[in-house]
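Reader: I would be grateful for a close look at one part of this structure, followed by an account of how other parts of the model compare in their local detail. Please proceed from the backbone to the side chains and then to the packing of helices.

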Amino acid sequence: MTTYSDNESHLDEGHVNELEFSGLRVAVTGGTSGLGLALVRQLSRLGARVAFVARGEEGVRAVARQVADGHGIVGDVSKKEQTYPIALQIKAALGGLDVLIHNASSLGPEPLALLADTDCEDLQAALDTNLVGPFRLTKAVLGSLALAARDGRAPVVVHVTSDAADKPYAGWGAYGASKAALRHLGRIWHEELRGVGVQVLDHDPGDMDTPLHAAAVPEADPASLKDPAVSARELIERIAAVRQAAAPTVETKEVEHASR
Amino acid sequence: MRAADRPVQRPLDARLLVVDPCGSLRHAPRECLVDELAPDDVLVVNDAATLPASLHGTHDRTGEEIEVRLAGRGSLAPDDVHAWTAVVFGTGDHRTLTEDRPPPPALQPGDRLRLGPLVAAVRRTLGHPRLVELRFDGSAQAIWAGLGQHGKPIQYAHVVEPLSLWDVWTPFAGPPVAFEPPSAGFALDWAMQGELAARGVEVATLTHAAGISSTGDPALDARLPFDEPYHLPRATVEAIGRARARGGDVVALGTTVTRALEHAAAHGLRPGPGIADQRIGPGTKLRVVDAVVSGVHEPGESHYELLGAFAPAAVLSRMSDALEASGYRNHEFGESVLVRTSARCPDQPVCQPFRQPPDQPPTKAR
């Protein structure tokens, strides 16, 4: 189910220069709830062109109706045969790609379970969604990201991770291991792509009041959790800073390309 | 020729037959393509991603099964996806040779074609019963979703296992505009790009809508290649300028790159969009490309004809003999040749046997 905060006006828009995101081509996976939805809404308000991916057709349509200029794509990043159709639609919707945010996440077993009680299929599911799916999708769009780099647009890939990737929380084995792998994969991507001009960063958004967190910790008090809109803002500011560092005079140039 | 029958883009034993400007032949491992390029050369590659251009469905009026293969459109713009040129086949699939596929039912303007979630109307036929202009219903977004969901890459009889999109995108594929894979690009993985950079060879891209290779009908095949839109980035024009200023070669990775660059060069080599509508063959004087990496093709194919602009017929004939004798695999997942322009051979022979019929005077060497 989509949940979203209508209350984002309290967020300080001053830290992010709108010019930096105007016309920027961004894809977000898991874009119809939680952090993904908050990102889609904020990026769209900043003038970015946003394509978002989610499994549920109804959720995709609902979000597409709310977000001006947003392109909804129905797809499951964990499934190998859907990766390229998703990549195809991202490239077509945006005419290229500057920022890819791997946000779609699976807990693995639901409810969470000790590793000893976790079916291997549930560990596999966490790996498929949180590690292998992002790996495949990055590869499928890498040519487009490299093209953006050559056009001076300072492309970025984001892996949304978690402190569960770092701290050995009992019950969080499948999710934690998959996110730890994702984070390390991202570090190696970043090293390998230096010459190509694509940056890869991992981002821990904190414990947020989202459906995913509720599925993991149903008894948690929402008041103690972060508003995903706040996490989205933090990630957006980080993306802006990372892009600025790569190309100090980056303005989002007119796309010098046939695909406009 | 042996067909490469498995969709492996970079088989470890892939070879490259190198044809030097004076016509000498040499076999090399294709993974050592880097060794064939010198500092200050520029390797120009086609970054087009392959469309899932094959759509199965039914012809409303007759109820017959058809396959539509998208084959052309007017531009590379992602929202320009309503009107297409298409080749239509009758029932059957890729396991039948293209030329043995039955023709489609008679197609008339206004006929509707139901292709999975997509619906298209035939606007008109284009001088041949298999060739039509069609128009999809719906928004651009819905059309792309339908292509993604229902479309498949164009399949080949010689590759038995059905191809998926991941089989036919080059490692560096960008904009989804190609009707069939620009398969010379299969040779270039990311490690090789790094090696080229380390050697001082620039890799520059252009985007060209690589066209279909076969229509199933000899009369229609003779009209190939269709007009193909392309886009030439400013950065590539600049890279070519740098290479030429430093005495480096402009090496085209594939016939699609050759076609796009030569068309652009005939129109001032300016960055931006174009439509490659020319044929390149033995009579063509190359303006910008010095060498081409291509697949293994046979006389009669347009790719082979294009090589005629680089090397004389006698050399290409020896090349073909060598490819055959050494069992080079042909087609999309096959092996490769690198042909350098004979214009770079310092000693041009005046006598060129077999180029002219006996009753015509010999021509001056190129």
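Author: The loop between strand E4 (99-102) and helix H5 (120-150) of chain A contains A:Pro111. In this predicted model, the peptide bond that joins A:Glu110 to A:Pro111 is cis, with omega at about 0°. Chain B also has a cis peptide bond, here between B:Leu224 and B:Pro225, and its omega is about -5°. B:Pro225 belongs to the loop that runs between helix H4 (218-221) and strand E14 (228-232) of chain B.

The helix that follows the loop of A:Pro111 is H5 of chain A, and A:Lys139 lies in this helix. With a relative accessibility of 40%, A:Lys139 counts as partly exposed, because the partly exposed class lies between 20% and 50%. From A:Lys139 to A:His184 there are 45 residues in sequence, and their C-alpha atoms are 16 Å apart in space.

Beyond H5, the loop between H5 and strand E5 (156-160) of chain A holds A:Ala154. The phi angle of A:Ala154 is near 50°, a positive value in a residue other than glycine. A:Ala154 counts as buried, because its relative accessibility is 7% and the buried class covers values under 20%. In chain B, a positive phi of about 75° is found at B:His331, which is not a glycine either. B:His331 is placed in the loop between strand E18 (329-330) and strand E19 (336-340) of chain B. Its relative accessibility is 35%, so B:His331 counts as partly exposed.

Further along chain A, A:His213 is part of helix H7 (residues 211-216). A:His213 is buried, with a relative accessible area of 12%. When neighbours within four places in sequence are left aside, A:His213 is in contact with A:Asp207, A:Met208, A:Ala220 and A:Leu225.

These details of chain A belong to a chain with 8 helices and 6 strands. Along the sequence, the elements of chain A follow the pattern α-β-α-β-α-β-α-β-α-β-α-β-α-α. Chain A has 260 residues, of which 56% count as buried. Among the contacts of chain A with a separation of 6 or more, 71% come from residues 24 or more positions apart. The area exposed by chain A is about 11,000 Å², and carbon and sulfur atoms supply 52% of it.

Chain B offers two loop residues for examination. B:Pro181 is located in the loop between strand E12 (176-178) and helix H3 (190-199) of chain B. B:Pro181 counts as buried, because its relative accessibility is 11%. Between B:Pro181 and B:Trp169, which are 12 residues apart along the chain, the C-alpha separation is 6.7 Å. Not counting residues up to four places away in sequence, B:Pro181 touches B:Thr50, B:Tyr156, B:Val168, B:Phe186 and B:Glu332.

B:Glu36 is the other loop residue, and its loop connects strand E3 (25-29) with strand E4 (42-46) of chain B. At 10% relative accessibility, B:Glu36 counts as buried. With residues up to four places away in sequence not counted, B:Glu36 touches B:Leu16, B:Val18, B:Arg26, B:Ala28, B:Leu338 and B:Arg340.

The account ends with helices from both chains. Helix H4 (residues 80-94) of chain A and helix H1 (residues 140-150) of chain B have axes that come within 9 Å and cross at roughly 160°. This angle makes H4(A) roughly antiparallel to H1(B), because angles over 145 degrees count as roughly antiparallel. The crossing in which H4(A) passes H1(B) is right-handed. On the side of H4(A), the contact is made by A:Pro85, A:Leu88, A:Gln89 and A:Ala92, while H1(B) contributes B:Trp144, B:Ala145, B:Leu147 and B:Gly148. Sorted by class, the contact of H4(A) with H1(B) has 6 nonpolar residues, 2 polar residues and no charged residues.

Key:
Residues are numbered from 1 along each chain as its sequence is written. Chains are lettered from A and ligands numbered from 1 in the order in which they are written. This is a predicted model: local features need pLDDT of at least 70, side-chain atom pairs count only at pLDDT 80 or more; totals for chains, interfaces and linings use all residues. Side-chain values use heavy atoms; hydrogens and water are left out. Axes are lines fitted to C-alpha atoms, for helices over the stretch in contact, and angles run from 0 to 180 degrees between N-to-C directions. Helices (H or I, at least four residues) and strands (E, at least two) are DSSP runs, numbered from the N terminus. Angles under 35 degrees count as roughly parallel, over 145 as roughly antiparallel, 65 to 115 as roughly perpendicular and the rest as oblique. A crossing is left-handed if the near helix is turned anticlockwise from the far one by less than a right angle, and right-handed if clockwise. Contact means heavy atoms within 4.5 Å. Ala, Val, Leu, Ile, Met, Phe, Trp, Tyr, Cys and Pro count as nonpolar, Asp, Glu, Lys and Arg as charged, and the others, Gly among them, as polar. Buried means under 20% relative accessible area, exposed over 50%, partly exposed in between (1.4 Å probe, protein chains only). Accessible areas come from the Shrake-Rupley method with a 1.4 Å probe; for residues, only the protein chains shown count as cover.
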